[in-house]
Amino acid sequence: MKEDCIFCKIAKGKIPSATIYEDNHFAVILDVNPATKGHCLIIPKEHFDNIYDLDGETAGKLFSLATCIARALKDALKCDGLNVIQNNGEIAGQTVNHFHLHLIPRYEGDGVDLTWPQHEVSQDELEEIRKTVKKAI
């Protein structure tokens, strides 16, 4: 646990939250400033600043849990869709430096806009990026 981290404190029960699920590894809480009804966060109890620090085993458990919670949100809230969002770094919208996954139920006419401008890219650029990233893997 990182002492100055609000999500560590929430995940360890030191700050009250609207918890909908908890086990030894994760807490799932309703967001206090939700985009839509049922917007929740999956928070690892172990502190990871972002996805770059997250280990594969934890990531696997987290996404397994995300599918379970997503189904529960759909069944319980009758949402029309769901966004899964995870931000890394300030430029990407991360406001708390503790890895967390947003599950945002979507409803027809909810007014939430999670789109971005699409840019054209040449086949040569795609190939250059593909080679560069593949090499880094």
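1. Salt bridges. In this predicted model, the structure holds five salt bridges. Three of these pairs, namely Lys45 with Glu22, Lys61 with Glu57 and Glu127 with Arg130, are treated in the points that follow.

2. The pair Lys45 and Glu22. The closest N and O atoms of the salt bridge between Lys45 and Glu22 are 2.8 Å apart. Lys45 sits in the loop between β3 (40–44) and α2 (56–77), while Glu22 belongs to strand β1 (residues 19–22), so this pair ties together parts that are 23 residues apart in sequence. The two partners may be set side by side in terms of accessibility. Lys45 has a relative accessible area of 12% and is therefore buried, since the cut-off for that class is under 20%. Glu22, at 46% relative accessibility, counts as partly exposed.

3. Surroundings of Glu22. Which residues does Glu22 contact, leaving aside its neighbours within four places in sequence? They are Ala11, Ala27 and Lys45. Lys45 is also the salt-bridge partner of Glu22. For Ala11, a backbone distance is available as well: the C-alpha atoms of Glu22 and Ala11 are separated by 8.6 Å, the two residues being eleven apart along the chain.

4. The pair Lys61 and Glu57. Here the closest N and O atoms of the salt bridge lie 3.3 Å apart. Both Lys61 and Glu57 are located in helix α2, with their positions four residues apart in the numbering, which is about one turn of the helix. Lys61 is partly exposed at a relative accessible area of 34%, whereas Glu57 is exposed at 55%.

5. The pair Glu127 and Arg130. This salt bridge has its closest N and O atoms at 2.6 Å. Glu127 and Arg130 are three residues apart in helix α3, and about one helical turn separates them. Both partners fall in the partly exposed class: Glu127 has 31% relative accessibility, and Arg130 has a relative accessible area of 41%.

6. Charge balance. Beyond individual pairs, the chain carries 15 positive and 21 negative side chains. The centres of these two sets lie 6 Å apart.

7. Nonpolar patch towards the C terminus. Val121, Leu126, Ile129, Val133 and Ile137 make a nonpolar surface patch of about 490 Å². Ile137, one of its members, is placed in the segment after α3 (123–136). Is Ile137 buried or exposed? With a relative accessible area of 83%, Ile137 is exposed.

8. Val84 in strand β4. Val84 is found in strand β4 (residues 81–85) and is partly exposed, its relative accessible area being 46%. Not counting residues up to four places away in sequence, Val84 touches Phe63, Leu101, His102 and Leu103. With respect to Leu73, Val84 is eleven residues away in sequence and 12 Å away in space, C-alpha to C-alpha.

9. Backbone geometry at Lys78. A colleague inspecting the backbone may wish to note Lys78, which has a positive phi of about 55 degrees although it is not a glycine. Lys78 belongs to the loop between α2 and β4. At 60% relative accessibility, Lys78 counts as exposed.

10. Overall fold. How many helices and strands does the chain have? The secondary structure comprises three helices and five strands, and from the N terminus on these elements follow the order α-β-β-β-α-β-β-α. Taken along the principal axes, the C-alpha atoms fill a box of roughly 50 × 40 × 25 Å.

11. Burial, surface and contact range. The chain has 137 residues, of which 33% count as buried. About 9,300 Å² of the chain is exposed, and carbon and sulfur atoms supply 53% of that area. As to contact range, among contacts between residues at least 6 apart in sequence, 55% join residues at least 24 apart.

Definitions and conventions
Residues numbered from 1 in each chain as written. Predicted model: local features only at pLDDT ≥ 70, side-chain atom pairs only at ≥ 80, totals over all residues. Heavy atoms only, no water. Helix = DSSP H or I, 4+ residues; strand = E, 2+ residues; numbered from the N terminus. Buried < 20%, exposed > 50% of the residue type's maximum accessible area, 1.4 Å probe, protein only. Contact = heavy atoms within 4.5 Å. Areas by Shrake-Rupley, 256 points an atom, 1.4 Å probe, with all protein chains shown as cover. Lys, Arg positive; Asp, Glu negative; His and termini not counted. Charge placed at Lys NZ, Arg CZ, Asp CG, Glu CD. Patch = residues over 30% accessible without salt bridge, like charges linked within 9 Å, V, L, I, M, F, W, Y side chains within 5 Å. Salt bridge = Lys/Arg side-chain N within 4 Å of Asp/Glu carboxyl O.
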